[in-house]
Amino acid sequence: MLPTISQLTNGTPGSRDAARHTAGAKRYKYLRRLLHFRQMDFEFALWQMLYLFTSPQRVYRNFHYRKQTKDQWARDDPAFLVLLSIWLCVSTIGFGLVLDMGVIETLKLLLWVVFVDCIGVGLLISTLMWVITNKYLLKHPSQDYDVEWGYAFDVHLNAFYPLLVILHFFQLFFINHLVMINSDWFLGYFVGNTLWLIAIGYYLYITFLGYNALPFLKNTVVLLYPFALLALIYVLSLSLGWNFTSGLCWFYKYRVQ
């Protein structure tokens, strides 16, 4: 699961098999640590979560250090994944409370958000990025360098965390009270849509940083191009009165009916 830069050894075809064996061993070690909380470094994971907001470049500099010391790019500690899961559960319960859902409805929403929105969509996006980077962004496709799927998923988790906090936690305080985001007031959908702009912008930028950190990729700046489409949709949403948060609330309620 964890990313490596596998290299040919004396031109022998067995090098790729060795790399796969190494990746399998790392994946097994990572999954085993999920069952041993005392072996997880939650303090370091919290540090990463903080800097994903304030200075995501510092997080990826740590990825470089891990590559130099442990010969792998991605995390070997599942503490970040565990904390992200806790954030997801707590914020989804908060959504259930804000939308006046019952216990059963909130539980249904939690299952939808965890297994479809987070895991399902995450697997889809990670697979898409894995295909794109390996097919179009490798500097030397003829050599035995590649982006493994596990690293693509790790980058997705990094980018997903700020989006989760902004849209699933911070936004809760605005939905029914301060500026009535779920109303048709201009101020409401201006604030709501601006939060969506910031959240998706974080996702795009941190995704770009993740792949830009890999020295065997080229032209990673193309991952910033969706910012133009994002800005266009934002301007259109304000001009036409689209309310993304209101749509999200309606969708969540429809899901659990």
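Trainee: When I look for enclosed spaces in this structure, how many cavities of 30 Å³ or more should I count?

Mentor: A cavity is a set of points on a 1 Å grid over the protein atoms alone where a 1.4 Å probe fits but cannot get out, and its lining residues have an atom within 4 Å of a point. By this rule the count here comes to one cavity of 30 Å³ or more, and the largest cavity has a volume of about 40 Å³, a volume being the space filled by probe spheres set on points joined across faces, edges and corners. Please keep in mind that this is a predicted model, in which local features need pLDDT of at least 70 and side-chain atom pairs count only at pLDDT 80 or more, whereas totals for chains, interfaces and linings use all residues. Residues are numbered from 1 along each chain as its sequence is written, and side-chain values use heavy atoms, with hydrogens and water left out.

Trainee: Which residues line the largest cavity?

Mentor: Its lining consists of Ile125, Ser126, Met129, Ala152, Val155, His156, Tyr203, Thr207 and Tyr211. Helix 5 (103-136), helix 6 (149-170) and helix 8 (186-212) are the elements that give two or more residues to this lining. By class the lining of the largest cavity has six nonpolar, three polar and no charged residues, where Ala, Val, Leu, Ile, Met, Phe, Trp, Tyr, Cys and Pro count as nonpolar, Asp, Glu, Lys and Arg as charged, and the others, Gly among them, as polar.

Trainee: How much space lies in the largest pocket, and what is a pocket?

Mentor: A pocket is an open set of points with protein on both sides within 12 Å along at least five of seven lines. In this model about 430 Å³ of space lies in the largest pocket, and of the 17 residues that line this pocket, Asp117, Phe160, Leu163, Leu167 and Trp196 are the closest to its centre. Two or more lining residues come from each of helix 5, helix 6, helix 8 and helix 10 (244-255), with helix 6 giving the most, six residues. The lining of the largest pocket divides into 14 nonpolar, two polar and one charged.

Trainee: And what lines the second largest pocket?

Mentor: That pocket, with a volume of about 240 Å³, is lined by 14 residues, and nearest its centre lie Phe44, Arg66, Lys70, Asp76 and Asp77. Helix 2 (42-54), helix 3 (56-70) and helix 4 (79-98) each give two or more residues to the lining of the second largest pocket, and the largest share, five residues, comes from helix 3. By class, this lining has five nonpolar, three polar and six charged residues.

Trainee: How many helices and strands does the chain have?

Mentor: Helices (H or I, at least four residues) and strands (E, at least two) are DSSP runs, numbered from the N terminus. The chain has ten helices and zero strands, and buried residues, meaning those under 20% relative accessible area with a 1.4 Å probe and protein chains only, make up 48% of its 257 residues.

Trainee: Why does the structure hold zero disulfides?

Mentor: A disulfide is a pair of cysteine sulfur atoms within 2.5 Å. The structure holds zero disulfides; for Cys89 this is because the closest cysteine sulfur, in Cys118, is 9.3 Å away, too far for a bond. Cys118 is buried, with a relative accessible area of 11%, whereas Cys89, at 30% relative accessibility, counts as partly exposed, that is, between buried and exposed, the latter being over 50%.
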